[in-house]
Amino acid sequence: MALQLRSLVKKNGELELSLASVPVPAPGPDEVLIRVKGSPLNPSDLGLLFGAADMSTAKASGSAADRPVVTASVPEAGLRAMAGRLDESMPVGNEGAGVVVEAGSSPAAQALLGKTVAAIGGAMYAQYRAVPVAQTLLLPEGATAVDGASSFVNPLTALGMVETMRREGHSALVHTAAASNLGQMLNRICMKDGIALVNIVRKQEQADLLKAMGVKHVCDSSAPTFLQDLTDALAETGATIAFDATGGGRLGGQILGCMEAAINRTAREYSRYGSATHKQVYLYGGLDMRPTEFVRNFGMAWGMGGWLLFPFLNKIGPAAAEVLKQRVASELKTTFASHYSKEISLADVLDLGTIAVYNQRATGTKYLINPNRGL
């Protein structure tokens with residue numbers, strides 16, 4: 001038997017987080033069994049882990065030695081939004097890495113036996129995970145599970161943003177929550193590939209962090225000159241596509257408005273329909289849970305919609321996705337290096353003090369789970 005972290009939202013409005021004993025899975029012919037040594041706590045994981053629960057109501061029972069359990073209240077509105085998962089105990093963890101300890105009969109699976117691989121496919125907050133070979137990435141020689149634990153979500157999201165920019169005919173882009181692990185990775189990609197990137201942060205220390213990396217265009221949304229700074233950066237770079245991690249509030253609309261203002265600086269004639277240049281904002285996260293608000297001051301050539309990694313990968317197809325994966329492998333310790341502030345065990349994930357830190361989703365507090373730590 002092995003331990004696996006589970007999240008359960010009950011119909012009575014209670015979230016329950018627990019460690020379940022599950023059989024060690026047997027890999028199928030084209031699968032491998034991974035002893036997981038590292039799995040990151042990404043914002044997307046926290047969305048499944050906590051759902052719409054009010055974590056200020058969280059209570060803990062038990063101890064690390066006797067299977068801790070955390071419960072919290074889910075507001076009625078949140079309960080309605082999660083109707084599809086009520087009373088269903090769900091495993092958590094999008095991605096991770098570890099050593100292949102058992103392999104199926106296919107040559108591709110057998111070739112990975114004893115190798116260190118990254119994997120994606122859910123349920124990675126577990127001591128063991130069986131996944132299809134197609135959902136793994138063989139890590140380069142000398143790379144550890146910690147090096148490869150975040151090989152999929154952030155790297156492929158960052159590469160996907162750049163690929164979307166190119167495929168949709170834009171030449172530069174904007175990114176919010178830009179000092180995050182993902183944001184720093186996107187900056188390294190753009191600097192390496194010669195792409196202009198406008199970074200939006202919300203604190204001066206985040207701006208300082210990026211500038212220390214050599215980043216040129218950084219706009220602090222808390223500064224009184226933010227809209228002017230953003231318009232200047234957009235005019236200089238020509239960025240007409242943005243990826244917004246906040247989702248709610250006014251930021252997405254402000255970006256579109258500043259894009260229009262930047263374009264109109266070189267307009268030769270007035271049009272009551274605004275510029276003919278298409279401006280696009282993709283919302284790919286929900287750091288701000290307020291409704292999305294915008295003022296229509298950016299003409300008629302614009303779009304605002306959602307963007308998610310897996311639909312994007314399905315859209316471009318397996319061959320194009322494999323090219324992106326191989327770039328991640330070749331630049332794992334440089335462009336796509338991830339850094340963690342702390343490594344924790346499965347039991348630590350259910351510690352209220354630890355939850356209070358990693359659930360802030362703040363820059364510099366990215367945690368790595370080692371499901372086999374302390375066991």
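## Strands 12 and 13

In strand 13, the bridge partner of Val 198 is His 217, and this pairing is found in a model that is predicted. Strand 12, which covers residues 196–201, and strand 13 run parallel and are joined by 4 bridges. Between these two strands the chain passes through helix 7 (residues 204–212), and strand 12, helix 7 and strand 13 make a β-α-β unit that is right-handed.

Along strand 13 (residues 217–220), the side taken by each residue can be followed: His 217 and Cys 219 point one way, Val 218 and Asp 220 point the other way, and all are buried. Asp 220, a residue with a carboxyl group, is thus among the buried residues of this strand.

## The open sheet and helix 1

A sheet of 5 strands is open and has the order 4-5-2-1-6, and its pairing is antiparallel. Its edges are formed by strand 4 (54–61) and strand 6 (90–91), each of which pairs on one side only. Within the sheet, strand 1 (residues 2–9) pairs with strand 2 (residues 14–22) over 8 bridges in the antiparallel sense, and in this pairing Ala 2 stands opposite Val 22 of strand 2.

Helix 1, made of residues 43–50, lies across strand 1, strand 2, strand 4 and strand 6. With respect to strand 2, helix 1 runs at about 100 degrees.

## Salt bridges

A search of the whole structure finds 14 salt bridges. One of them joins the side chains of Arg 166 and Asp 193, with an N to O distance of 3.7 Å. Arg 166 belongs to helix 5 (residues 153–167) and Asp 193 to helix 6 (residues 181–193), so this pair ties together parts that are 27 residues apart in sequence. Arg 166 is partly exposed at 43% relative accessibility, and Asp 193 is likewise partly exposed, at 28%. Both residues also take part in a network of salt bridges that links Arg 166, Asp 193, Arg 327 and Glu 331.

Another salt bridge, between Glu 322 and Lys 325, has its closest N and O atoms 3.6 Å apart. These two residues both lie in helix 10 (residues 309–330), where they are 3 residues apart, about one turn of the helix. The accessibility of the two partners can be set side by side: Glu 322 is partly exposed at 34%, whereas Lys 325 is buried, with a relative accessible area of 11%. In the salt bridge between Asp 288 and Arg 290, the N to O distance is 2.6 Å, and Arg 290 is exposed, with a relative accessible area of 53%.

## Aromatic pairs

A pair of aromatic rings is described by the distance of the centres and the angle of the planes. The count of aromatic pairs in the structure comes to 8. In one of these pairs, the rings of Phe 294 and Phe 298 have centres 6.0 Å apart and planes at 45 degrees, so the pair is tilted. Phe 294 also pairs with Trp 302, and here the centres are 5.5 Å apart while the planes stand at 65 degrees, so the pair is edge-to-face.

The three residues of these two pairs can also be described by their accessibility. Phe 294, which takes part in both, is partly exposed with a relative accessible area of 36%, and Trp 302 is partly exposed with 23%. Phe 298, in contrast, is buried at 0% relative accessibility. Elsewhere in the sequence, ring pairs link Phe 243, Tyr 282, Trp 307 and Phe 312 into a cluster.

## The surroundings of Glu 260

Glu 260 has its place in helix 9, which comprises residues 251–264. Although Glu 260 has an acidic side chain, the residue counts as buried, at 3% relative accessibility.

When neighbours within four places in sequence are left aside, Glu 260 is in contact with Gly 274, Ser 275, Lys 279, Asn 297, Phe 298 and Gly 299. Among these contacts of Glu 260 is Phe 298, the buried residue whose ring forms the tilted pair with Phe 294.

Key
Residues numbered from 1 in each chain as written. Predicted model: local features only at pLDDT ≥ 70, side-chain atom pairs only at ≥ 80, totals over all residues. Heavy atoms only, no water. Salt bridge = Lys/Arg side-chain N within 4 Å of Asp/Glu carboxyl O. Buried < 20%, exposed > 50% of the residue type's maximum accessible area, 1.4 Å probe, protein only. Pairing = 2+ DSSP bridges. Right-handed = clockwise from strand over helix to strand, strands pointing away. Phe/Tyr/Trp six-rings, centres within 6.5 Å; stacked < 30°, edge-to-face > 60°. Contact = heavy atoms within 4.5 Å. Axes fitted to C-alpha atoms, helices over the stretch in contact; angles between N-to-C directions.
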